[in-house]
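Please look over the sequence and the structure shown here before reading on. The report that follows moves from the whole chain to a few chosen places.

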Amino acid sequence: MAFAHSFLVELVDDVHDVTTLPTQQWASQRDAGRGAGVQIDADAYQRVLGEELRKLRKKRGWTRKELNDRLQSDISLQTLATYELGTRQCSVVRLVEICLALDEPPHELLGRVHRRVFSDEPGKLRINLATVAADDQAELGPLRRWAQGRLALSDSPDVHLDRTALDRMAELCGLQTQELVKRLQELSAAPR
């Protein structure tokens, strides 16, 4: 019991350390008019967490059944599958249990998930769909319609676009990619 308590205390401390890394970035976004804090795309977070769990299991060469056999509690194979697909939320205790079975420190798993969801990865541009949807630049009409449609399907207004997506969107808008990126960055920096 002492091990479990000290492990959870360490986990909470480590998760706190991981989640406070981009605080300056979040503060600058908030100060730039993004609101009182970070908006979490719960669907993306669940999907990325599931992908990371699946990678860990496959890295060990285990089936879901083999992982299930190593768990302390009784979890159906379907439940494990829904965790990996990101279609079902996993409690903290269940996540710790799965991580222990996979011999993976939970704080390391959450750190990877956090970085994938929240960091502005090199080569990707974060844009706010609501800002793009509300913009009235004629050249951005195709992008505006895409953003409106995407907003209707998503809980999160933020997306990350890679170079290929930006190239295609620039072509649709009749702009050079550099010009589209410049306009999107200006929209992101504009107070809302």
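## The chain as a whole

The protein chain contains 11 helices and 2 strands, and it should be kept in mind throughout that the model is a predicted one. When the elements are read along the sequence, their pattern is α-α-α-α-α-α-α-β-α-α-β-α-α.

The protein chain has 192 residues, and 40% of them are buried. Among the contacts between residues at least 6 apart in sequence, 67% join residues that are at least 24 apart.

## Two helices that pack together

Two packed helices are described by the angle between their axes and the distance between the axes. For helix H3 (residues 42-59) and helix H7 (residues 106-118), the angle is about 135° and the axes are 9 Å apart. Because angles over 145 degrees would count as roughly antiparallel and those from 65 to 115 as roughly perpendicular, H3 is described as oblique to H7. The crossing in which H3 passes H7 is right-handed.

On the side of H3, the contact is made by Ala44, Tyr45, Val48, Leu49, Glu51, Glu52, Leu53, Lys55 and Leu56, while H7 contributes Leu109, Leu110, Arg112, Val113, His114, Arg116, Val117 and Phe118. Sorted by character, the residues in this contact of H3 with H7 comprise 11 nonpolar, 1 polar and 5 charged.

## Two nonpolar cores

In soluble globular proteins, nonpolar side chains tend to be buried together. The largest nonpolar core here has 22 residues, and within this core Leu53, Leu67, Leu95, Ile98 and Leu109 touch the most other members. At least two residues of this core come from each of H3, helix H5 (77-85), helix H6 (92-101) and H7. A second core, separate from this one, has 19 residues, including Leu129, Val132, Ala133 and Leu166.

Leucine 67 can serve as an example from the largest core. If residues up to four places away in sequence are not counted, leucine 67 touches Arg57, Trp62, Leu80, Ile98, Ala101 and Leu102.

## Loop residues, buried and exposed

Which residues does cysteine 90 contact, leaving aside its neighbours within four places in sequence? They are Gln46, Tyr83, Leu95 and Ile98. Cysteine 90 lies in the loop between H5 and H6, and its relative accessible area is 16%, so it counts as buried. Between the C-alpha atoms of cysteine 90 and leucine 80, which are 10 residues apart along the chain, the separation is 9.4 Å.

Aspartate 135 is found in the loop between helix H8 (129-134) and helix H9 (141-153), and with a relative accessibility of 12% it also counts as buried. Its contacts, again without neighbours within four places in sequence, are Leu140, Arg144 and Leu187. Although aspartate 135 and leucine 187 are 52 residues apart in sequence, their C-alpha atoms are 8.0 Å apart in space.

## A positive phi

Most residues other than glycine have a negative phi, and most peptide bonds are trans. Aspartate 103, although not a glycine, has a positive phi of about 55°. Aspartate 103 is placed in the loop between H6 and H7. Is this aspartate 103 buried or exposed? With a relative accessibility of 65%, aspartate 103 counts as exposed.

Terms used: Residues numbered from 1 in each chain as written. Predicted model: local features only at pLDDT ≥ 70, side-chain atom pairs only at ≥ 80, totals over all residues. Heavy atoms only, no water. Axes fitted to C-alpha atoms, helices over the stretch in contact; angles between N-to-C directions. Helix = DSSP H or I, 4+ residues; strand = E, 2+ residues; numbered from the N terminus. Parallel < 35°, antiparallel > 145°, perpendicular 65-115°, else oblique. Left-handed = near helix turned anticlockwise from the far one by under 90°. Contact = heavy atoms within 4.5 Å. Nonpolar A, V, L, I, M, F, W, Y, C, P; charged D, E, K, R; others polar. Core = buried A, V, L, I, M, F, W, Y, C linked by side-chain atoms within 4.5 Å. Buried < 20%, exposed > 50% of the residue type's maximum accessible area, 1.4 Å probe, protein only.
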